[in-house]
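Here is a short report on one protein model. It covers a sheet, a residue inside the fold and a patch on the surface.

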Amino acid sequence: MENNFKYCLNEKIEKWFCFIILVGLGIFLVSQSSLMPLTIDGHISTDTSVWLQVSREMLNGKMIYRDLFDHKGPVLFLLFSLFSRFGDVTGILLMKCLFLTITIVLCYKCAITVASSRIVATYVTILTVWGISFFFEEDFSVEEMSLPFMFGALLIFLSYFLNKERVIKKYKLVLLGICMGTVLGLRPNMIALWICFALLVILEKIYYKRYKELIQYITFFLLGFLGSLCIVAVWLSVHGALQAWWNDGFLFNFLYAGEVDYQTRKKIFMLFLKHKIHFISLCLNVVFIFRGKHERIVYVANLLYMFLNLILMSMSGMNYAHYRIALIPGYVLPLAEGGQRMWDYFGKYMSGKKRAYRFVLATLCLCVILGKNCYKGLLRIEDNVHISDSERSVLKLTEYTKQKTLGDNRITILGNSCYIYLETGCYSATDFLYTYPVCNISEKLAEKFIRQLKEAQPLIIILEKSCFEEKSKYGMECKEILEKYYHRVIDNENYELYERSSDVI
């Protein structure tokens, strides 16, 4: 009786410990974002500021793709426009907290499906989800938004492959389809998980000649997948943006990716592959294909997923750190299996109170692995609550803009510092919230921007020096407009502010 009481007490303490640790993980990750109320420098990361401004302009009557250019998926703007109704930046912070909470919970459930220890599952969740901090560039990246749907799908696939009955309930098949459709609508090159795991499910059904079951699986999966896509298509069509999305959004991605050669993609592939946690997870996965406790097929599926995911994420040829966030769901299976084996190994040779040393050892290992990134995270939080000299000069620029645009709050930014729109409360005078790298890649879009700039005659034009190429055709035309019809008012380290000196262009 006494032993049972102690066991229940220890189990309860363990549950609360895991809960507190995971809550702390979420709070620490969210606090690094510039969306937090404590941020006083006004700077919100590049992509997040674009999507925030798009949502503001949409609430003001414009529509993405039809009136505003961006090449990201429509689901992104549907979600941003929905949550921004809860208070602009506050609404997006709420969405970030919600998505991160779901990510942590689902990641833990995936880990506990493989590992039998809560401590192991908790530490694997920390090591995995902390990848958001490892690759922190954006306050809220599209890769981060995809994680709840990716972990949700992974949990369903793991439950299927680790169950001898090999059954997926109908509603879970619909959810699988919805998750894939949502991620496809966020960014098409992040669907490797569904391709690989679903392929193994199909091959297994064919091998065992379960054709009726396979048809049922495909039917319910497509029901969720096509249903989610139809909702987005109807939303775009109702607002007259479906054709514009295809022309200026979807097709631009091929032009964007087409600028990159094979060698560059290969280089990015190797950089992603060599990241420590990814490489360790991949090696463990290979080992467990031959010596795993669970069925080999689940490790084969995960290995295919990890490699295909690397290929798809390397297609752009860009080494943006936040791209790697999309890779982290592949770490859960091998890390959970490896972590549980280590936990059991040390517990086997320890007895009584000494078994607590496993926890101390695991904690120390985690601190060593995450220590540097924890320190970087603290620096990001500190940066958000202080204003540097460079940021102070930008605040002077935005203050001047606010004063000058009281009557006409339409401005133009040459570059990609979209956060200036947010800080000034101004709107874009053209369809383009940013011009780099769009106008450098597409002559068609560059011509459209120049035409709209001449027609709009914005009172203020802000030039971001690091993103402006005067030698390009678009750059030369912008320079000509600035020299002929504008005068420079502010010139600091990063920006130049021009004010219109003529009423006619």
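## Sheet, core and surface

Strands S3 (residues 460-464) and S5 (residues 495-500) run antiparallel and are joined by five bridges. Ile 462 faces Leu 497 of S5 across this pairing. The model is predicted.

Both strands belong to an open sheet of five strands, ordered S2-S1-S3-S5-S4. The pairing in the sheet is mixed. Strand S2 (427-428) and strand S4 (486-491) form the edges, each pairing on one side only. Helix H17 (residues 389-404) packs on this sheet. Helix H17 touches strand S1 (410-414), S3, S4 and S5. The directions of H17 and S5 make an angle of about 15°.

Now two single residues, each set in a helix.

| Residue | Helix | Relative accessibility | Class |
|---|---|---|---|
| Gln 53 | H2 (residues 46-59) | 0% | buried |
| Ile 206 | H9 (192-207) | 40% | partly exposed |

Why does Gln 53 count as buried? Its relative accessibility is 0%, and the class buried means under 20%, so Gln 53 falls within it. Leaving out residues up to four places away in sequence, Gln 53 touches Cys 418, Tyr 421, Leu 422, Cys 426, Tyr 427, Ser 428 and Leu 433. Among these contacts, Tyr 427 and Ser 428 are the residues of edge strand S2.

Ile 206 is part of a nonpolar surface patch of about 660 Å². The other members are Leu 199, Ile 202, Leu 203, Tyr 211, Ile 218, Leu 222 and Leu 226. Helix H9 (192-207) and helix H10 (211-238) each give two or more residues to the patch.

Definitions and conventions. Residues are numbered from 1 along each chain as its sequence is written. This is a predicted model: local features need pLDDT of at least 70, side-chain atom pairs count only at pLDDT 80 or more; totals for chains, interfaces and linings use all residues. Side-chain values use heavy atoms; hydrogens and water are left out. Two strands pair if DSSP finds at least two bridges between them. Helices (H or I, at least four residues) and strands (E, at least two) are DSSP runs, numbered from the N terminus. Contact means heavy atoms within 4.5 Å. Axes are lines fitted to C-alpha atoms, for helices over the stretch in contact, and angles run from 0 to 180 degrees between N-to-C directions. Buried means under 20% relative accessible area, exposed over 50%, partly exposed in between (1.4 Å probe, protein chains only). Patches are made of residues with over 30% relative accessible area and no salt bridge: like charges are joined within 9 Å, nonpolar side chains (Val, Leu, Ile, Met, Phe, Trp, Tyr) within 5 Å. Accessible areas come from the Shrake-Rupley method with a 1.4 Å probe; for residues, only the protein chains shown count as cover. A salt bridge is a side-chain nitrogen of Lys or Arg within 4 Å of a carboxyl oxygen of Asp or Glu.
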